[in-house]
Amino acid sequence: SRAPNQTQTPTQRLLSLGDLETKPLAELMRPSVLEALVGQHKALGENTLLRTLLESHEIPSLILWGPPGCGKTSLAHILAQNSKKHNSTRFVSLSAINANTNNIREMIKQAQNERRHFKRKTIVFFDEIHRFNKLQQDTFLPHVECGTLTLIGATTENPSFQINAALLSRCRVIVLEKLSVEAMESILLRAASSLGISVLAQDKEAGSVGGSKESDPCICIEPEAIRTIAYLCDGDARTALNGLHLAIQGKLAVAKKPQCDKQQNTLSKRIVIQEVDIKEGLQRSHILYDRAGKALKVPLSLEQTEIVVEPSIKVIRSPVSSRLA
């Protein structure tokens with residue numbers, strides 16, 4: 001099977017393993033420029049509406065619609081940063097999960113003051129906007145219409161059903177797709193490279209490659225591990241990166257343990273992340289739990305998925321009498 005292709009990007013930065021103790025890997029790897037946002041060519045490619053608007057430095061009110069982990073929040077921050085560089089713009093980030101109508105009114109009041117006294121526009125990113133009911137969404141309407149606010153709303157639900165029709169008519173809907181397996185591999189490889197982690201298939205002398213900092217051990221990852229997480233996370237880059245994060249932390253924790261009484265608690269100089277480590281990391285996340293909270297078993301390999309599923313299908317299709325026999 002093919003090995004994932006390791007790619008470099010203009011925004012790639014070197015991280016320390018210690019950074020993983022302060023922030024999730026998904027947050028550390030959030031892209032800051034459009035070129036680093038992977039897997040959304042249809043929405044962000046050349047001659048697309050959004051690319052044209054971005055190049056003109058005039059961002060209208062938008063609704064970003066797409067599945068979890070496809071890049072909605074990252075895109076909103078990139079749009080805001082781009083606008084800040086060329087205009088005097090203030091950026092505010094809110095979420096319907098922890099914001100209420102009073103928070104919105106206070107933010108609008110500040111935006112009005114900024115516009116009145118400093119001639120500065122306000123871009124507000126409102127995550128999970130579908131969680132606000134339509135009466136609450138009405139709070140934005142007059143201020144979006146008069147230009148006090150530029151609204152960038154993010155939703156995983158169909159805007160036609162979840163967003164106030166009057167507000168929706170004043171916004172452009174940008175549809176973001178679920179990330180492909182290839183895009184997921186590219187994101188994971190970028191993260192590995194930023195942490196100084198080498199892919200074994202590409203560097204068979206991985207033992208000679210150091211970590212991202214002199215104090216870090218040499219960490220390698222099998223290409224099958226990259227491929228497995230890309231498949232199992234179903235287009236959700238956030239879950240994939242955080243699954244990789246957990247796998248790295250798990251291997252580091254094991255490496256710190258003394259192998260025998262005579263050994264001191266020192267970190268091994270070479271650590272290899274395997275496919276089984278990735279699956280263990282994913283089992284700790286929400287994607288491999290059923291609705292009752294029971295952990296689901298992960299097949300030993302992607303090829304064994306059919307072997308595990310097929311017998312259960314045969315049992316379901318078999319007559320009751322044969323099952324009772």
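Visitor: How many disulfides does the count come to?

Guide: Zero. A disulfide here is a pair of cysteine sulfur atoms within 2.5 Å, and by that rule the count stays at zero. Bear in mind that this is a predicted model, where local features need pLDDT of at least 70, side-chain atom pairs count only at pLDDT 80 or more, and totals for chains, interfaces and linings use all residues. Residues are numbered from 1 along each chain as its sequence is written, and side-chain values use heavy atoms, with hydrogens and water left out.

Visitor: Why does Cys-70 count as buried?

Guide: Buried means under 20% relative accessible area (1.4 Å probe, protein chains only; exposed is over 50%, partly exposed in between). Cys-70 has 3% relative accessibility, so it counts as buried. Cys-233, at 3%, counts as buried too.

Visitor: What puts the buried residues of helix 3 on the same side?

Guide: Those residues are Leu-50, Arg-51, Leu-53 and Leu-54, in a helix spanning 49-56. They cover an arc of only 165° around the axis, which puts them on the same side of helix 3. The arc is taken from the directions from the helix axis to the C-beta atoms. Helices are DSSP runs of H or I, at least four residues, numbered from the N terminus.

Visitor: And how do you know that the largest pocket lies between domain 1 and domain 2?

Guide: Domain 1 (11-22 + 179-203 + 215-258 + 267-282) and domain 2 (40-175) both give residues to its lining, so the largest pocket lies between them. The domain bounds come from an automatic or database domain assignment. Lining residues have an atom within 4 Å of a point, on a 1 Å grid over the protein atoms alone; a pocket is an open set of points where a 1.4 Å probe fits, with protein on both sides within 12 Å along at least five of seven lines.

Methods
Helix = DSSP H or I, 4+ residues; strand = E, 2+ residues; numbered from the N terminus.
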